[in-house]
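Subject: Handover of a structure for your review

Dear colleague,

Please find below the structure that I am handing over to you. A summary of what was found in it follows.

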Amino acid sequence: MSSTLKIYVLALVSFLVGTSEYVIAGILDRIADTMNISLIAAGQLITIFSLVYALGTPVIIALTSRWDRRKLLLYFLGLFVVANVLAYLLPGYGLFVAARVLMALGAGVVVVTALTVASQIAAEGKQASAIATVITGFTASLIVGVPLGRLVAASWDWKLVFAGIAVLGVLAMLVIAAAIPPSKAEAPVPLKKQLSLLKQPRIVLALLVTFFWLGGYSIAYTYISPYLVSVSGMSEALLSSALLAFGIASLIGSKVGGFSADRLGVKRTLITGMTLHIVSLVLLNITASSHLAIFLVLILWSFAAWSSGPTQQYNLVTMAPESSGIMLSLNSSVMQLAMAAGAGIGGIAVSSVSLSSITWIGAVGVAVAIIIVISSYRSASAKSTQTDTSLTLPDMSS
């Protein structure tokens, strides 16, 4: 098997992990109905998954740093498959939560390891492209996995989604075991070194931008399916189409965001994208009675929201280019924490205020991210001016 095909197998694994995480938002109302639980309780499935992913992955990766990468990938992909089987078979909300915890532990390690293996087996000079292909698999879960999950839930049983993920996971394990050679472990990065970057205020501010941007997004996205069904009155067929369009727009937004960051700069791209993000969240509420209008606003929202993703990653890497891997790892953990916090806050909003309030509260979160971006750039500019002034002032002591 060629290296290219092996990398596409890893991209499939990334797709399965992404689908297992994001599909809950697409079928949230179905889960609540069949399990006889509230929307808020169903939404906490995303909170739990994201928290376990964010906190568990760095610890496990550190503890297994000396393991052969193929073995590590197979073991935790196996755990991920078992968790999906349990999610399909076990009855009740409590056992499903337990399955989600195991799923998140397996998912986090699988994604990190798949990225590492992809860079190792890629041809010389194509490592970056290999990593991008694996990441594209994760993004494709929004485009294909979530609307397909909604379609399955509407036509049969939503638990079949996890059975399908498990079957494809087993096939991926067989291919990986047969085609991907053992690979050396990486030198472990001490946790102290990883956390030392957080002593720099500008890096902390940049990570806070990630937290509030994605947190605001997650507040609304977690409950988007019940919102579109209950508030907007969408039919099942239209909802599946809307989720598909939403996923496609996220991919386009990511591409445009990366292009814009290169051409127009990080600050302008972030502020423009997040401003459109806020506008679209507000419009989601205003246009709720028109299916055509809300369909178009969903596309704008996804496009604007995901234009900030690659821009933020590029921004963080340029802040500490010598520690790019650590920076991306920290950003990944913050993204999962933001998803967890957003799902939790969204649940509180739905129970305490109303389902329609999630768009307004989400917009506030993104607005905080814009304020941090503007403040951090002004602070950096002031420091630069102060430094230039001190360098040009004559020495008056003589």
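Which helix supplies the largest share of the nonpolar patch? The answer is α7, from which five residues of the patch come. Before going further, please note that this is a predicted model.

**The chain as a whole**

The chain contains 15 helices and zero strands. It has 398 residues, of which 50% count as buried. Its exposed area is about 17,200 Å², and carbon and sulfur atoms supply 69% of that area. Among the contacts between residues at least 6 apart in sequence, 85% join residues that are at least 24 apart.

**The nonpolar patch and helix α7**

The patch lies on the surface and is formed by L12, V167, L168, V170, L171 and L174. Together these residues have about 500 Å² of accessible area. Helix α7, which provides five residues of the patch, covers residues 160–179.

V170 is one of the patch residues and is found in helix α7. Its relative accessible area is 37%. Because this value falls between the limits of 20% and 50%, V170 counts as partly exposed.

L160 also lies in helix α7. With a relative accessibility of 34%, L160 is likewise classed as partly exposed. Leaving aside residues up to four places away in sequence, L160 touches Y88 and V152. L160 and G149 are separated by eleven residues in sequence, and their C-alpha atoms are 8.7 Å apart in space.

**T359 in helix α15**

A further position to examine is T359, which is placed in helix α15, spanning residues 358–392. Is T359 buried or exposed? T359 has a relative accessible area of 1% and is therefore buried, the cut-off for this class being under 20%.

What does T359 touch, not counting residues up to four places away in sequence? Its contacts are Y227, L281, L284 and N285. In addition, the side chain of T359 reaches the backbone oxygen of S356, at 3.3 Å.

**In brief**

Two places may serve as starting points when you open the model. One is the surface patch that includes V170 and L171, with its largest share coming from α7. The other is T359, buried and located in helix α15.

With kind regards

Conventions. Residues numbered from 1 in each chain as written. Predicted model: local features only at pLDDT ≥ 70, side-chain atom pairs only at ≥ 80, totals over all residues. Heavy atoms only, no water. Helix = DSSP H or I, 4+ residues; strand = E, 2+ residues; numbered from the N terminus. Buried < 20%, exposed > 50% of the residue type's maximum accessible area, 1.4 Å probe, protein only. Polar contact = N/O pair within 3.5 Å; in protein donor to acceptor, adjacent residues only side chain to side chain. Contact = heavy atoms within 4.5 Å. Areas by Shrake-Rupley, 256 points an atom, 1.4 Å probe, with all protein chains shown as cover. Patch = residues over 30% accessible without salt bridge, like charges linked within 9 Å, V, L, I, M, F, W, Y side chains within 5 Å. Salt bridge = Lys/Arg side-chain N within 4 Å of Asp/Glu carboxyl O.
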